[in-house]
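Thanks for asking for a second pair of eyes on this one. My notes follow as numbered points, beginning with the pockets and ending with the fold as a whole.

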Amino acid sequence: MFKRKPLISIIFPAKNEGDNVKTTLDSLFSVKVKSLFEAVVVNDGSEDKCCDFIHSYPHKDRVLLIDTKGAGAAKARNLGAKNASGEILIFCDAHLQFENWWIDHLIEPLKTGKTDAVTPGIASSSDPSIIGYGQTLTSRLETRWNLNKNTLFETPIIPGGCFAISKTVFNKVGGFEQGFRTWGYEDIEFSIKLWLFGYRCHAEPRVSIIHLFREKQPYIVRSDDVTYNLLRMAYLHFNDHRIQKCLNLINMKKSIRRKLLNDQSDLLIQRQTYFNERVYNDSWYFNKFNIQF
């Protein structure tokens, strides 16, 4: 595939994306960049043949296609990372448009040691003047976009839609949460875990990409699965008081909580492992970013 190993692996999880995967890759390969990169597309059980074009794609020698049967958003990203050749991973949604030099400018803070994970400005395809710069959390653990601060700045959450991280750091924190179901809270849990383990997350407003925002996913996402992911995140990282606050947030059947504890025998073991390895606790995180939760 390559005469020399690519520095960058850009990982695109995709499920029922229609034409978006092709338009995203077309944009990726049309803009100017200096860094050598590969694209890793994880086709997570798509039913619409959205990735079939890759077999005859003009740049297929620079695209690694991985097919799964529906692993879910977190596991699909982890699978892409496992098979990536690059030293730096860039996780991207499969419905983006890019600008010239975006890769080079985005990874610069990583290469110079200014941060451990970095996200660009993310603009809306319906109005590119509307741009978010990383995210924070509300008192209900809902995400809210940060405003521009003109230069590299810390962000509580790096959105899963586009961010860069070294493969070394990604592996040290164990990647995205393997116990999560289909979709929900992947980037929130991952960002919190990075901060608690002593790593830094920043937004780089000098780089921006365009993102297709949509009202719902192009596949079935059950509310119970989203709730399950929220509670798993809470049990892995939060103190007892915040776990109870998460329980109070949701109209949850007792059976879901019981199933979370009974079916996930690794949960409390993993919680203790995280508590032993982390540098900061959850109160430090919420206080640092003035999140009232």
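1. What is the volume of the largest pocket? In this predicted model, the largest pocket comes to about 1100 Å³. Its lining is made of 42 residues, and those closest to the centre of the pocket are W183, G184, E186, D187 and Q217.

2. Which elements build that lining? At least two residues each come from β1 (8-14), α2 (73-82), β9 (143-145), α5 (186-196) and α6 (223-237). If you plan to set up a grid here, you may like the breakdown by class: 19 nonpolar, eleven polar and twelve charged residues line the largest pocket.

3. The second largest pocket holds about 210 Å³ of space. Its lining has 15 residues, with T136, N146, K149, P156 and F289 lying nearest the centre. Here β8 (135-137), β9 and β10 (153-154) each give at least two residues to the lining. Note that β9 also supplies at least two residues to the lining of the largest pocket. By class, the second largest pocket is lined by seven nonpolar, four polar and four charged residues.

4. Helix α2 deserves a paragraph, as one of the elements that supply at least two residues to the lining of the largest pocket. Is α2 largely enclosed or open? Seven of its ten residues are buried, so α2 is largely enclosed by the rest of the structure. The buried residues in α2 are A73, A74, A76, R77, N78, G80 and A81. For anyone looking at that list, the cut-off for buried is under 20% relative accessible area.

5. What covers those buried residues of α2? The cover includes the strands β1, β2 (37-44), β3 (63-68) and β4 (88-92), together with the helices α4 (167-172) and α5. Of these, β1 and α5 are also among the elements that each give at least two residues to the lining of the largest pocket.

6. Now the whole chain, which has ten helices and twelve strands. Its radius of gyration is 19 Å, close to the 19 Å given by the globule rule for 293 residues, so the chain is as compact as a globular protein of that length. The C-alpha trace spans about 55 × 40 × 35 Å along its principal axes.

7. Last, packing and surface. Of the 293 residues, 55% count as buried. Among contacts with a separation of 6 or more, 78% are between residues 24 or more positions apart. The chain exposes about 13700 Å², and carbon and sulfur atoms supply 47% of that area.

Methods
Residues are numbered from 1 along each chain as its sequence is written. This is a predicted model: local features need pLDDT of at least 70, side-chain atom pairs count only at pLDDT 80 or more; totals for chains, interfaces and linings use all residues. Side-chain values use heavy atoms; hydrogens and water are left out. On a 1 Å grid over the protein atoms alone, a cavity is a set of points where a 1.4 Å probe fits but cannot get out, and a pocket is an open set with protein on both sides within 12 Å along at least five of seven lines; lining residues have an atom within 4 Å of a point. Grid points are joined across faces, edges and corners, and a volume is the space filled by probe spheres set on the points. Helices (H or I, at least four residues) and strands (E, at least two) are DSSP runs, numbered from the N terminus. Ala, Val, Leu, Ile, Met, Phe, Trp, Tyr, Cys and Pro count as nonpolar, Asp, Glu, Lys and Arg as charged, and the others, Gly among them, as polar. The radius of gyration is taken over C-alpha atoms; the globule rule is 2.2 Å times the number of residues to the power 0.38. Buried means under 20% relative accessible area, exposed over 50%, partly exposed in between (1.4 Å probe, protein chains only). Contact means heavy atoms within 4.5 Å. Accessible areas come from the Shrake-Rupley method with a 1.4 Å probe; for residues, only the protein chains shown count as cover.
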